[in-house]
Protein chains: 2
Amino acid sequence: MAKLALGELQTLAEQALAKAGAGAAMAAATARALVAADAQGLVSHGVSRVPQYAGHLKINRAVGSAQPKVARAKGGAALIDAAEGLAFLACELAVSEAISRARENGIAFSGVCNSHHFGVAAYHLGPVAAAGLVGFAFGNSPSAMPAWGGKRALFGTNPIAAVFPRRNGPPITIDLSLSEVARGKVMVAASQGKQIPLGWALDKNGVPTTDAKEALAGMMLPAGGVKGAMLALMVELMVCALTGAHFGFEADSFFVNEGNRPQIGQAFIAIDPGALAGNEVYFERVETLLAAMLADPEVRVPGYRRNDLAGQAAESGVEIPDTLIKQLRELAA
Amino acid sequence: MAKLALGELQTLAEQALAKAGAGAAMAAATARALVAADAQGLVSHGVSRVPQYAGHLKINRAVGSAQPKVARAKGGAALIDAAEGLAFLACELAVSEAISRARENGIAFSGVCNSHHFGVAAYHLGPVAAAGLVGFAFGNSPSAMPAWGGKRALFGTNPIAAVFPRRNGPPITIDLSLSEVARGKVMVAASQGKQIPLGWALDKNGVPTTDAKEALAGMMLPAGGVKGAMLALMVELMVCALTGAHFGFEADSFFVNEGNRPQIGQAFIAIDPGALAGNEVYFERVETLLAAMLADPEVRVPGYRRNDLAGQAAESGVEIPDTLIKQLRELAA
């Protein structure tokens, strides 16, 4: 492990992505998102993804020269074409459209098609909260979970995120994927030769399993059973049917180099409290609920742990494994 | 049990509600929603609720003369004040606003404040799907679940519903509440002296329990653990902070006569596929996903069972328990 300042990590990630073919704006936007994830302690979505993204850029699974653009717009609705590049620059454009359109219309929806992995869902909502708006983010991902009653992976783990700004202090930030547990937990169990609890996964024939290796060859189960499965279906339809993006089962895994351009989708919603009950009422309601929650001594404000870690990282940098630094330096060279 | 035609049941429910003090439009809208629930086989949200609603009207927990109105509007956003009446008339207005504003703006959000129990969440989205729009519904309810890590009930079971229209045939309809199981299942277990599985509920001290009676005195657990808890928080904030409605913990139970006017909240979102990737793309995507889902022989289209039951009920009526019919006739007399 070595400690790197965030700026140093940003430069390194940016150079590695640019070297692999990403345009300057795409490389910068992507690196910003990945470094922010590392700063928040979300290492699986941090610069550890650079080798994967660089691999996709090199074989043209992701188009480095892609210029995201507003393909269509009407009032509060905008469709952004990510043009088969990495997702982050397109998501920045989508969120910026959502903010300005929500200010004008009270609410806005930005969908993104022809996209790629968008990392930490809540990351994209930072500017929404900073603008004093309530925000929601949705995305699909390569198939990992069956439909309810099904025996084949169809839906992605399909994250849902939300931000609710506070008058003082960071926003309340909700961010979850719809599988019962993250696939990473199964990978850890498999590498340690441990069993996993029933209810986490199915084997490749769709039979419930406690064998971590069989689970990895099979599929994850949705959180809360039928409820997670229905929400995953809802997200697939929201981010694909409205935008024309590919479903999870049409996109090849991100974890291999070979494969198609994923062309998956994302969606962002921004809502202006000032257009509804008004900002005074909004802030009073938020603080009233938080006060009731925090009266229970073990309840935490969702998102504050990430935020605290990001604050520490901004001051003192983040620990990055030596092998990863070496890999990034080679890619950047 | 006796079989009643839907029209007959509508008249009976409408008369009972009007007799308890509901204005004609409120009685009609409420009866329509309850009869539709019975027709879909959702008896816990059907006319079995009439005695409860009538009780609330009689003691003025729900204001029978309330006239819901658009309190504020801007572009795609509208705030509807239910004026402390029953919820259904206000929700009809909210949905009608959402439809016309989504046609104009691409997307619309209608929030409802000063509201009451809104029954089956997906019911309200029927007109949205019929208008060719994608729809979402959210509502909170008197507190029934703790915040994550908490030991006191704070959030309602907070339903989420969605409709996705198809080119031919009824819409895909998703409708779920965020508790691991419905409280009704615990009531059945308690009445039969049976245990409940761990993970369904906590006792009144916030300790996990398998005792159904202790669970009824305690609280329900969220679906999927922390994920359901976070989604329940998201719904509370969406339907209350944006609208000024009361949180679940500020509203007294619906299952007693005594208590405050609940003043809870609802929210509806409508999105026009024509404003984004277009209707052709939208319908192609929906059918592509359904075909993939239905290739698995045990997968069903969400919402189709309800729809089939409603079709049967329209032809041959619904079975209503004799005691309930007697009760409705007494209320209507």
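1. Which helix of chain A is the place of A:Arg101? A:Arg101 sits in helix H4, the run covering residues 87–105. Before going on, keep in mind that this is a predicted model. Back at A:Arg101, have a look at A:Gly75: the two residues are 26 positions apart in sequence, and their C-alpha atoms are 6.9 Å apart in space. Leaving out residues up to four places away in sequence, A:Arg101 touches a stretch that includes A:Ala73, A:Lys74, A:Gly75, A:Gly76, A:Ala77 and A:Ala78. A:Gly106, A:Ile107 and A:Ala108 are also among the residues it touches.

2. Now step back to the whole of chain A. You'll find eleven helices and 13 strands in its secondary structure. Laid along the principal axes, the C-alpha atoms fill a box of roughly 55 × 45 × 40 Å. The radius of gyration of chain A is 20 Å, and that agrees with the value near 20 Å that a compact globule of 333 residues would have.

3. How much of chain A is buried? Of its 333 residues, 58% are. As for contacts, take those with a separation of 6 or more: 66% of them join residues 24 or more positions apart. On the outside, the accessible surface comes to about 12,300 Å², and carbon and sulfur atoms account for 54% of that.

4. A quick word on charge. Chain A carries 28 positive and 28 negative side chains. The centres of these two sets lie 3 Å apart.

5. How does chain B relate to chain A? A turn of 180° with a shift of 0.0 Å along the axis lays chain B on chain A, with an RMSD of 0.0 Å. The two copies are thus related as by a two-fold rotation axis. If you want a landmark for that axis in chain B, try B:Gly224, whose C-alpha is the nearest to the axis at 1.9 Å.

6. Do the copies meet through the same surface or through different ones? The same one, because 100% of the interface residues of chain B are also interface residues in chain A.

7. For a view of the two chains touching, start with A:Leu289. This residue belongs to helix H9 of chain A, residues 279–294. A:Leu289 has a relative accessible area of 1%, so it is buried. Setting aside residues up to four places away in sequence, A:Leu289 touches B:Phe155, B:Leu233, B:Glu236, B:Leu237, B:Phe247 and B:Phe249.

8. B:Leu79 is another place to look across the chains. It lies in strand E3 of chain B, and its relative accessibility of 7% makes it buried. Beyond its neighbours within four places in sequence, B:Leu79 is in contact with A:Leu276 and A:Ala277 from chain A, and with chain B residues including B:Lys69, B:Val70, B:Gly111, B:Cys113 and B:Thr243. Along the chain, B:Leu79 and B:Leu242 are 163 residues apart, yet 8.8 Å separates their C-alpha atoms.

9. What does B:Phe138 touch? Start with where it is: strand E5 of chain B, residues 134–139. With a relative accessible area of 6%, B:Phe138 is buried. Not counting residues up to four places away in sequence, the residues it touches include B:Phe118, B:Pro159, B:Ile160, B:Val235, B:Met238 and B:Val239. B:Gly265, B:Gln266, B:Ala267 and B:Ile269 are also among them. B:Phe138 and B:Ser177 are 39 residues apart in sequence, with 9.6 Å between their C-alpha atoms.

10. B:Gln52 is worth a glance too. You'll find it in helix H3 of chain B, residues 50–58. At 14% relative accessibility, B:Gln52 counts as buried, since the cut-off is under 20%. Apart from residues up to four places away in sequence, B:Gln52 touches two phenylalanines, B:Phe254 and B:Phe255.

11. Finally, a couple of backbone angles to check. B:Glu84 isn't a glycine, but its phi is positive, near 70°. This residue lies in the loop between strand E3 (77–81) and helix H4 (87–105) of chain B. B:Asn114, likewise not a glycine, has a positive phi of about 55°. B:Asn114 is in strand E4 of chain B, residues 107–115, and is buried, with a relative accessible area of 17%.

Key
Residues numbered from 1 in each chain as written. Chains lettered and ligands numbered in written order. Predicted model: local features only at pLDDT ≥ 70, side-chain atom pairs only at ≥ 80, totals over all residues. Heavy atoms only, no water. Helix = DSSP H or I, 4+ residues; strand = E, 2+ residues; numbered from the N terminus. Rg over C-alpha atoms; globule rule 2.2 N^0.38 Å. Buried < 20%, exposed > 50% of the residue type's maximum accessible area, 1.4 Å probe, protein only. Contact = heavy atoms within 4.5 Å. Areas by Shrake-Rupley, 256 points an atom, 1.4 Å probe, with all protein chains shown as cover. Lys, Arg positive; Asp, Glu negative; His and termini not counted. Charge placed at Lys NZ, Arg CZ, Asp CG, Glu CD. Least-squares fit on C-alpha atoms with pLDDT ≥ 70 in both.
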